[in-house]
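Subject: Handing over a structure

Dear colleague,

I am passing on a structure that you have not worked with before, and my notes on it follow below. Please read them with the sequence and the structure open beside you.

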Amino acid sequence: MVIVMTPQATAEDVEAIIALVGTAGGEAFVSRGVSRTIIGLVGDVAQFGALNLRGMRGVADVMRVSTPYKLVSRENHPDRTTITVGGVPIGPDTVTLIAGPCAVETPQQTLEAAEMARSAGATLLRGGAYKPRTSPYAFQGLGEAGLRILADVREATGLPIVTEVVDAHDVPLVAEYADMLQVGTRNAQNFALLQAVGAAGRPVLLKRGMNATIEEWLMAAEYIAQRGNLDIVLCERGIRTFETATRNTLDVSAVPVAQRLSHLPVIVDPSHSGGRRDLVLPLSRAAIAAGADGVIVDVHPHPEQALCDGPQALVDGDLRELARVMRQFPPLLGRTAA
Ligand code: E4P
Ligand code: PEP
């Protein structure tokens, strides 16, 4: 059972609940977030039912949810959620295009990639200043200098920024620049990082761990939500399978499954899943047809010079085709491109 407190709830209100739960032999685990406090109850649910928890001061909601993830579950929240990032909606009525360079390399490259993204209809700019690389010798990103470039490009193009944070200590810094914080596949079960982004007061794009089941992915989202941040977008980005023809295997079925289990929006990353430019468009079409609430793609003005993931970056011609897909496909499904 989970209790969501109102933003106005006081420390005394929380203490009163802990005491009441104690009278029923239960234990209360309190998570104080930026905007609200969440209390998880462990013990006999039938005994808790006899307490008037809803009537307690400062209580906004009491959730009796059977799934292990509570706050992100659709069980108690039948309507699908729309998250807004810098004024751009991501949710059931729209198909949002997020595009940009895999890594921020130079001001010029980032600006050119952002212009390419915007011309394809993208409304959010992606770009990594902190890169999680397999090899310690590979380009690791420009760090704060990369964040400053992103902020300048946002200023120049008007596109809000989605950028990855790989270390819990960097969360406050990255949150200063980002409109949305990304947690990547390699960190999808880094619980300290999930808790830190949950407390950062910014929407979060949570990639699915490449080895994670859908339930593990939703439990990761629950870590963020438990810190009081429900502005979470889930991103399917391919999982590890026996197949070697693609970088990872895009699990298209994860889109409707996750949408049925959770009220959170679900988008797809066809670039990192396929790992190949020629697969990005077919996988984008598959994602949209499966009901994805958006796609996030890599673009690069000169992919042959890219410091990270050049083979999967879209170039100009592909972007015209992507723009056509974004104009034609969403309306067929009763949605608008956002
Ligand atoms: C994402 O952008 C990652 O940093 C990148 O895909 C990692 O790839 P690598 O295995 O080449 O380091
Ligand atoms: C990325 O989008 O830059 C990224 C690192 O992706 P993933 O975590 O899915 O590999």
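I begin with ligand 2, where an oxygen atom of the ligand is 2.8 Å from an N or O atom in the side chain of Lys-207. Please keep in mind throughout that this is a predicted model. Two further residues have a listed distance to an oxygen atom of ligand 2: a polar side-chain atom of Arg-126 lies 2.7 Å from such an atom, while for Thr-185 it is a backbone N or O atom that lies 2.8 Å from one. The full set of residues that surround ligand 2 is Arg-126, Lys-131, Pro-132, Glu-164, Gln-182, Gly-184, Thr-185, Arg-186, Lys-207, Arg-237 and His-272.

Turning to ligand 1, the residues around it are Cys-102, Lys-131, Pro-132, Arg-133, Thr-134, Arg-186, Arg-247, His-272, Cys-308 and Asp-309. Lys-131 has an N or O atom in its side chain that is 2.8 Å from an oxygen atom of ligand 1, and for the side chain of Arg-247 the corresponding distance is 2.8 Å. In the case of His-272, an N or O atom of the side chain is 3.1 Å from an oxygen atom of ligand 1. You will find Lys-131, Pro-132, Arg-186 and His-272 listed around ligand 1 and listed around ligand 2 as well.

The other part of my notes concerns the packing of helices. Helix α3, residues 107–119, packs with helix α4, residues 144–157, at an angle of about 40°, and their axes are 10 Å apart; the two are therefore oblique to each other. Their crossing is right-handed, and in the contact Pro-107, Thr-110, Leu-111, Ala-114, Glu-115 and Arg-118 of α3 meet Ile-149, Leu-150, Val-153, Ala-156 and Thr-157 of α4. Sorted by class, these residues comprise seven nonpolar, two polar and two charged.

Further along the chain, helix α6 (residues 191–198) and helix α7 (residues 214–225) pack at an angle of about 45°, with axes 7 Å apart, which makes α6 oblique to α7. Here too the crossing is right-handed, as α6 passes α7, and the residues that make the contact are Phe-191, Leu-194, Gln-195, Val-197 and Gly-198 from α6, together with Ala-220, Tyr-223 and Ile-224 from α7. This contact has six nonpolar and two polar residues, and no charged ones.

With best wishes

Terms used
Residues numbered from 1 in each chain as written. Chains lettered and ligands numbered in written order. Predicted model: local features only at pLDDT ≥ 70, side-chain atom pairs only at ≥ 80, totals over all residues. Heavy atoms only, no water. Axes fitted to C-alpha atoms, helices over the stretch in contact; angles between N-to-C directions. Helix = DSSP H or I, 4+ residues; strand = E, 2+ residues; numbered from the N terminus. Parallel < 35°, antiparallel > 145°, perpendicular 65-115°, else oblique. Left-handed = near helix turned anticlockwise from the far one by under 90°. Contact = heavy atoms within 4.5 Å. Nonpolar A, V, L, I, M, F, W, Y, C, P; charged D, E, K, R; others polar. Near = heavy atom within 4 Å. Polar contact = N/O pair within 3.5 Å; in protein donor to acceptor, adjacent residues only side chain to side chain.
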